[in-house]
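I opened a fresh page in my notebook to look into how the inside of one protein chain is packed. My plan was to look up the nonpolar core and then the aromatic rings.

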Amino acid sequence: MTTHPMPRPMATRRPRIALLGEFSAGKSTLANLLLGKDLSPVRVTATQMPPVWYRHGADSLTRIDVSGTEETLDQNDLHGISHRDTQAVRVALEADVLEVCDLIDMPGTSDPNLQQGVWDRMIRWVDGAIWCTPATQAWRQSEAALWDQMPPHLHDNSLLLITRMDKLQTEVDRNRVVARVRRETEGLFCHALPISLTEALADPDNPDALDRSGADQFVGALVDLIEALGAPDEDDPSILFDALPDPRGPGPVARDADGPNCDRVVPRRVAPKPETARRSNLRMI
């Protein structure tokens, strides 16, 4: 497996990188690739999962409920956990990537029943992001509209991954999709990069396969992003959990860049908007 030199492990809290995108865009597969372990709770009902927050440490699972109460879980307890009564599942692992950043695997944005508080609570603590968009339906209007509501600092500290590139039949099609996505997202991400996650996972020790899949280029960009973020300046090194908004309360409020709701994110299908015009060793497997 090709390795990339990375910044030294953080002395203070590590940057938090959110894995974002619509349902079935490849976020959990990406988490498996980065962690080097098949530990993301990928299920048919994955949209019901709360955020899965990976941190470095001895193996453990913790559930944080809507009141902020924490309880230790067994791996088998993941079945049936829902974002409706759980704010996050915190997973501690001894993984190379977690020595330099936390990864937060967010629920897919295309679930119309997703409570707005599930995203609101986590996005405000995120330093950077990796947005996954599948090549066969790359950068849809619903994705563009939601990304427009994200905190402005994420536009300078995030990567866009065009996943499922192996599903496109010809090089011409692949080049066309990448060119269009880069054109439509100019200025919204640090980089827009094509990748075949399944190809990278299938042959992780083959440098040619990693280069061909786009995984090597992606890891280099991630290294640069983590290095640029450095150790965030924050007094409290932990996430603070408290009660989620009552789902029977007022509906989602769109973000107003200059108004009082500028930090609120609405993770649901939204009306289309007009288009607007680094490195010790990280092993992914």
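How many residues does the largest nonpolar core have, and which of them have the most contacts inside it? I noted first that this is a predicted model, and then I looked up the core and found that the largest one has 42 residues, with Leu30, Tyr54, Leu103 and Phe218 having the most contacts inside it. I then checked where this core comes from along the chain, and I wrote down that strands S2 (16-21), S3 (52-56), S6 (86-93), S8 (128-134) and S9 (158-163), together with helices H1 (27-35), H5 (197-202) and H7 (215-229), each supply at least two residues. Helix H7 gives the most to this core, with nine residues.

Next I picked Leu103 and listed its neighbours, leaving out residues up to four places away in sequence: Leu103 touches Ile17, Leu19, Leu34, Leu35, Val52, Trp53, Tyr54, Val97 and Leu98. Apart from the core just described, I found another one of 27 residues, which has Met106, Ala135, Val178 and Ala192 among its members. As a general remark for myself, nonpolar side chains in soluble globular proteins tend to be buried together.

I turned to the aromatic rings, and I found that the structure holds four aromatic pairs. In one of them, the rings of Trp131 and Trp139 have centres 6.1 Å apart and planes at 75°, so I recorded this pair as edge-to-face, since that word applies to planes over 60 degrees apart.

Are Trp131 and Trp139 buried or exposed? I looked up both residues: Trp131 counts as buried because its relative accessibility is 0%, and Trp139 is also buried, with a relative accessible area of 6%.

The rings of Trp131 and Trp147 gave me another edge-to-face pair, because their centres lie 5.6 Å apart and their planes stand at 75°. This pair links distant parts of the chain, with Trp131 in strand S8 and Trp147 in helix H3 (residues 141-147), 16 residues apart. Trp147 counts as buried too, at 1% relative accessibility. I closed this part by noting that Trp131, Trp139, Trp147 and Phe189 form one aromatic cluster.

For the whole chain, I wrote down a secondary structure of seven helices and 11 strands. Of the 285 residues, 52% count as buried, and the accessible surface comes to about 13,200 Å², of which 47% belongs to carbon and sulfur atoms.

Note on methods: Residues are numbered from 1 along each chain as its sequence is written. This is a predicted model: local features need pLDDT of at least 70, side-chain atom pairs count only at pLDDT 80 or more; totals for chains, interfaces and linings use all residues. Side-chain values use heavy atoms; hydrogens and water are left out. A nonpolar core is a set of buried Ala, Val, Leu, Ile, Met, Phe, Trp, Tyr and Cys residues joined through side-chain atoms within 4.5 Å. Buried means under 20% relative accessible area, exposed over 50%, partly exposed in between (1.4 Å probe, protein chains only). Helices (H or I, at least four residues) and strands (E, at least two) are DSSP runs, numbered from the N terminus. Contact means heavy atoms within 4.5 Å. Rings of Phe, Tyr and Trp (its six-membered ring) pair if their centres lie within 6.5 Å; planes under 30 degrees apart count as stacked, over 60 as edge-to-face and the rest as tilted. Accessible areas come from the Shrake-Rupley method with a 1.4 Å probe; for residues, only the protein chains shown count as cover.
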